[in-house]
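Me: I am new to this structure. Please take a close look with me at the surroundings of the ligand.

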Amino acid sequence: MTSSGAHSENSAAWNHAPLRISNNDAMQNERLGIDIGGTGIKGAPVDVKGGKLLAERFRIDTPQPATPEAVADTVGEIAKHFDWKGPIGATMPGVVKNGVILTAANIDKSWIGVDAATLFAKATGCNPVMVLNDADAAGIAEMQFGAGVGRKGVVVMVTLGTGIGFALFHDGVLMPNTELGHLEMNGKDAEDQASARVRDEKDESWRKWAKKVDEYLDHVDALLWPDLIIIGGGVSKKADKFFPHLTTRAELVAAKFENEAGIVGAALAMGL
Ligand code: BGC
């Protein structure tokens, strides 16, 4: 992934880090992963060689309103909790380019145009800080250590939560910020019809909701002809309730990572 000016400067600092920690090779494989969502902000140090959390994850409710300053303070608290001084990878639920947030479908609109990487670096005193889209991070975790390991061809990760997150891989390489959760379906945003939030809000049966997910996946199929679709988000734990109602052509699997996908993926992305 490309780096912002701030990130490039920080990357230079990271290149020198092994000098400081040369007597402890293991530390070079550790990053703090932070997953920023609409209800909670969660973090943990991650062993990027094994894709495993190195400590119990720490969660703080997302401040409301979730302005950049308030979220940055919370990110700072998470780094402080782990007494973290090293590299950080963080997710945001929007398009992220060079650390800058470009869309805000489910987050405070004041995020648009904010350089989140620089903001979080200031709030934590850590560098480098890398910020990427939450679904892209979840997809990276699945491709390296989860349901997509070793899978070539076109793999898509669809996260069904407050929104619909989407990550696209070809032969294991991510094409970032695809945002196909916002495909038009029946003249409306697919996210407002088939996300897990909509099922909760409307108290729909699994079968009724699965029909809309199925219709959505058919749209994805018509556009991308994926070889594998990985379904993530909290509902992936309940795959047995709705997978039987899905008829999509492509092979379908539930994500292996549950709540930890964003944390692990953010930490892994920091090293890419
Ligand atoms: C956002 C995406 C995000 C997804 C899941 C959508 O509303 O546009 O960037 O990945 O929600 O959080």
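Reply: Domain bounds here come from an automatic or database domain assignment. The model is predicted, so to speak of a local feature requires pLDDT of at least 70 and side-chain atom pairs need 80 or more, while totals for chains, interfaces and linings use all residues. Residues are numbered from 1 along each chain as its sequence is written, and side-chain values use heavy atoms, without hydrogens and water.

Now to the ligand itself. Both domain 1 (4-137 + 261-269) and domain 2 (150-256) contribute to the shell around the ligand, with at least three residues each. The shell holds 13 residues, each with a heavy atom within 4 Å of the ligand. Among these 13, the nearest are Asn-133, Asp-134, Glu-179, His-182 and Glu-191.

Three of those names return when we look at polar contacts (N or O atoms paired within 3.5 Å). The side chain of Glu-179 has an N or O atom 2.4 Å from an oxygen atom of the ligand. For Asp-134, a polar side-chain atom lies 2.5 Å from a ligand oxygen. Glu-191 also takes part, with a side-chain N or O atom 2.7 Å from an oxygen atom of the ligand. On its own the ligand has 310 Å² of accessible area, and the protein covers 93% of it (Shrake-Rupley method, 1.4 Å probe).

You can also find the shell by its secondary structure: helix H4 (134-145) and strand E10 (164-170) each provide at least two of its residues (DSSP runs of at least four residues for helices and at least two for strands, numbered from the N terminus).

How values were computed
Polar contact = N/O pair within 3.5 Å; in protein donor to acceptor, adjacent residues only side chain to side chain.
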